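Welcome! Here are some short exercises to work through with the structure open beside you. Try each task on your own before you read its solution.

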Amino acid sequence: MVCVGGGLPADHAMADGSTAPAPVSVQTMTAGYTHDIDKCVAEIHKLHTAGADVVRVAVPEKKDTEALKEILAQTSVPIVADVHFHFKRALEAVEAGVHKIRLNPGNINDRAQVEDVISACRDAGIPIRVGVNEGSIIERKDKQARAKELGAFFSEQKHGYMLAIMIAKLEEYLDIFYDNDFFDIAISAKSMDATMVIDAYTEISRRFPHPLHLGVTHAGPKETGCIRSIAALGTLLANGIGDTVRISYANDPVYEVEDGLELLYSLGLRERKGAELIACPTCGRIQVDLFTLVQDVNNKLEDAIRVPMKVAVMGCVVNGPGEAEGADVAVFAGDRKGIIYVQGERVATVGEEEILDRLLEECLAFQVKIESGEARLGEKKVDIVPPDPEGELGSGWEKMAAERISGKTDLTIGRTS
Ligand code: SF4
């Protein structure tokens with residue numbers, strides 16, 4: 001069951017009748033126009049295939065909500081309508097059959113209008129996310145009195161004043177929902193500042209009993225935006241805060257989904273689909289073109305492996321076996337060769353040019369064994385005994401040094417030219 005993010009934190013029914021927390025969901029948002037139905041459907045399919053559990057679409061105009069019915073008919077992932085400024089877009093989106101509405105208290109704050117949306121969502125049985133963004137709450141007209149009061153309370157905190165306004169805005173807005181006996185609510189409180197995001201969600205998780213949708217907003221380009229998002233969301237998730245996540249930055253949202261999933265896998269909050277690649281960072285002992293090999297292995301495994309096996313690609317036989325501890329399938333490179341192990345058993349020694357194909361072959365064979373029940377993941381049968389680096393594989397260093405002198409080897413990557 002996917003947590004669309006509404007109501008009280010959802011639990012999963014387990015086989016033994018007990019319950020476990022619902023897995024954290026990955027959300028993203030389409031980048032194209034919603035009213036361009038074919039392109040929007042294609043983008044939603046792409047994001048769903050990449051692993052998105054929930055996809056949000058912008059509905060700034062009536063032509064966008066008019067497109068929703070057809071979009072919903074052609075897609076199977078839960079769709080959230082992102083509504084700003086015009087409460088009627090929310091009513092139209094609910095009518096079209098979306099799975100959730102996002103409202104911004106900063107620009108839809110007329111009580112009667114909010115109550116109309118609540119009533120429509122109640123009838124449709126769908127949740128509402130109340131999304132306060134740092135940028136949109138600053139305009140709040142009556143902020144002074146309550147903010148001053150809360151500002152004193154939060155004065156010890158770095159973001160005390162902003163936090164005070166956010167909490168006040170949320171309290172005031174949620175009162176409309178509570179007065180209408182509507183509790184199918186999720187909350188988000190995004191900022192472009194990672195430390196503000198950590199402080200805001202930490203405080204909100206203490207004060208409100210609703211699922212939290214985590215995100216850093218306007219995080220910038222992928223390179224820095226990803227790190228900013230992971231810094232904030234990883235901290236919160238590691239402390240048990242958050243039910244849905246969106247990594248967001250200025251790039252193709254497919255990357256947002258991939259990064260969101262990797263974050264959840266890394267924290268053990270989702271079961272990994274496909275192989276987990278372990279690779280050494282390389283050092284002065286490297287004797288093959290490991291960077292290229294790792295990339296090639298990663299590409300091949302992505303397409304071919306369905307089970308969460310651990311695959312290690314290590315640059316040498318000196319430290320590699322220790323560093324690859326726990327891998328199901330591993331290759332350790334030596335002097336232009338690779339030795340391949342499956343759950344601790346040495347199965348092959350091949351030349352550098354054959355490593356990729358043979359490793360994939362062993363991974364596929366191991367996958368068959370896992371799926372047939374003949375083998376189990378993470379079950380090492382024997383300890384890996386590294387070969388003598390001076391022996392059959394050799395350090396190769398003297399040979400490479402000789403090649404460098406003769407101009408045949410670029411030692412920055414250890415490849416023969
Ligand atoms: S496995 Fe070998 S080459 Fe790779 S980082 Fe460790 S010691 Fe260096």
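Two residues are in contact if their C-beta atoms, placed from the backbone, lie within 7 Å. Keep that cut-off in mind, and remember that this is a predicted model.

**Exercise 1. Getting an overview**

Task: Find how many helices and strands there are in the protein, and what share of the residues count as buried.

Solution:
- Start with the secondary structure: the protein has 14 helices and 17 strands.
- Next, turn to burial: 42% of the 417 residues count as buried.
- Then look at the contacts with a separation of 6 or more: 64% of them are between residues 24 or more positions apart.

**Exercise 2. Checking confidence**

Task: Work out which stretches have a pLDDT below 50.

Solution:
- Begin with the whole protein: the average pLDDT is 84, and 80% of the residues score at least 70.
- One stretch below 50 covers residues 7-20, which have 20 contacts in the model beyond near neighbours in sequence.
- Residues 409-417 are also below 50, and that stretch has 22 contacts beyond near neighbours in sequence.

**Exercise 3. Exploring the cores**

Task: In the largest nonpolar core, identify the residues that touch the most other members, and the helix that gives the most to this core.

Solution:
- The largest nonpolar core has 71 residues. Those touching the most other members are Ala 81, Ala 90, Ala 93, Val 98, Ile 101, Val 117 and Met 166.
- The biggest contribution comes from helix α7 (residues 160-179), with 11 residues.
- Apart from this core lies another, of 31 residues, including Leu 293, Val 297, Ala 312 and Tyr 341.
- Now zoom in on Ala 81. Setting aside residues up to four places away in sequence, Ala 81 touches Val 57, Val 59, Leu 68, Ala 90, Ala 93, Val 98, Ile 101 and Arg 102.

**Exercise 4. Following helix α7 to its end**

Task: Compare the reach of α7 with the expected value, then decide whether Asp 181 is buried or exposed.

Solution:
- α7 has 20 residues and reaches 28 Å from its first C-alpha to its last, close to the 28 Å expected at 1.5 Å a residue.
- Its buried residues include Met 162, Leu 163, Met 166, Leu 170, Tyr 173 and Phe 177.
- Just after α7 comes Asp 181, with a positive phi of about 50°. Asp 181 lies in the loop between α7 and β8 (185-190).
- Count the neighbours: Asp 181 is exposed because 8 C-beta neighbours lie inside 10 Å, and a residue with 12 or fewer counts as exposed.

**Exercise 5. A second positive phi**

Task: Locate Phe 85 and say what its phi is near.

Solution:
- Phe 85 sits in the loop between β5 (79-83) and α3 (87-96).
- The phi of Phe 85 is near 70°, a positive value in a residue other than glycine.
- Phe 85 counts as exposed because it has 11 other C-beta atoms within 10 Å.

**Exercise 6. Helix α10 and the loop that follows**

Task: List what the buried residues of α10 pack against, then describe which residues Leu 269 touches.

Solution:
- Helix α10 (residues 253-266) has 14 residues and reaches 20 Å, close to the 20 Å expected.
- Among the buried residues of α10 are Val 257, Leu 261, Leu 263 and Leu 264.
- The buried residues of α10 pack against β3 (25-29), α1 (37-50), α9 (222-238) and β10 (244-246).
- Just after α10, Gly 268 takes a positive phi of about 70°.
- Leu 269 is in the loop between α10 and β11 (276-279). Not counting residues up to four places away in sequence, Leu 269 touches Pro 23, Val 24, Leu 237 and Leu 264.
- Leu 269 is partly exposed, as 16 other C-beta atoms lie within 10 Å.

**Exercise 7. Around the ligand**

Task: Find how many residues surround the ligand, and which are the closest.

Solution:
- Count the shell: 13 residues surround the ligand.
- Pick out the closest: Cys 280, Cys 283, Gly 315, Cys 316 and Asn 319.
- Sort the shell by type: 7 nonpolar, 4 polar and 2 charged.

Methods: Residues are numbered from 1 along each chain as its sequence is written. This is a predicted model: local features need pLDDT of at least 70, side-chain atom pairs count only at pLDDT 80 or more; totals for chains, interfaces and linings use all residues. A residue is near a molecule or strand if its C-beta atom, placed from the backbone, lies within 6 Å of it. Ala, Val, Leu, Ile, Met, Phe, Trp, Tyr, Cys and Pro count as nonpolar, Asp, Glu, Lys and Arg as charged, and the others, Gly among them, as polar. A nonpolar core is a set of buried Ala, Val, Leu, Ile, Met, Phe, Trp, Tyr and Cys residues joined through C-beta atoms within 7 Å. A residue is buried if 20 or more other C-beta atoms lie within 10 Å of its own, exposed if 12 or fewer, and partly exposed in between; C-beta atoms are placed from the backbone. Helices (H or I, at least four residues) and strands (E, at least two) are DSSP runs, numbered from the N terminus. pLDDT is the predictor's confidence in each residue, from 0 to 100. The expected span of a helix is 1.5 Å times one less than its number of residues.
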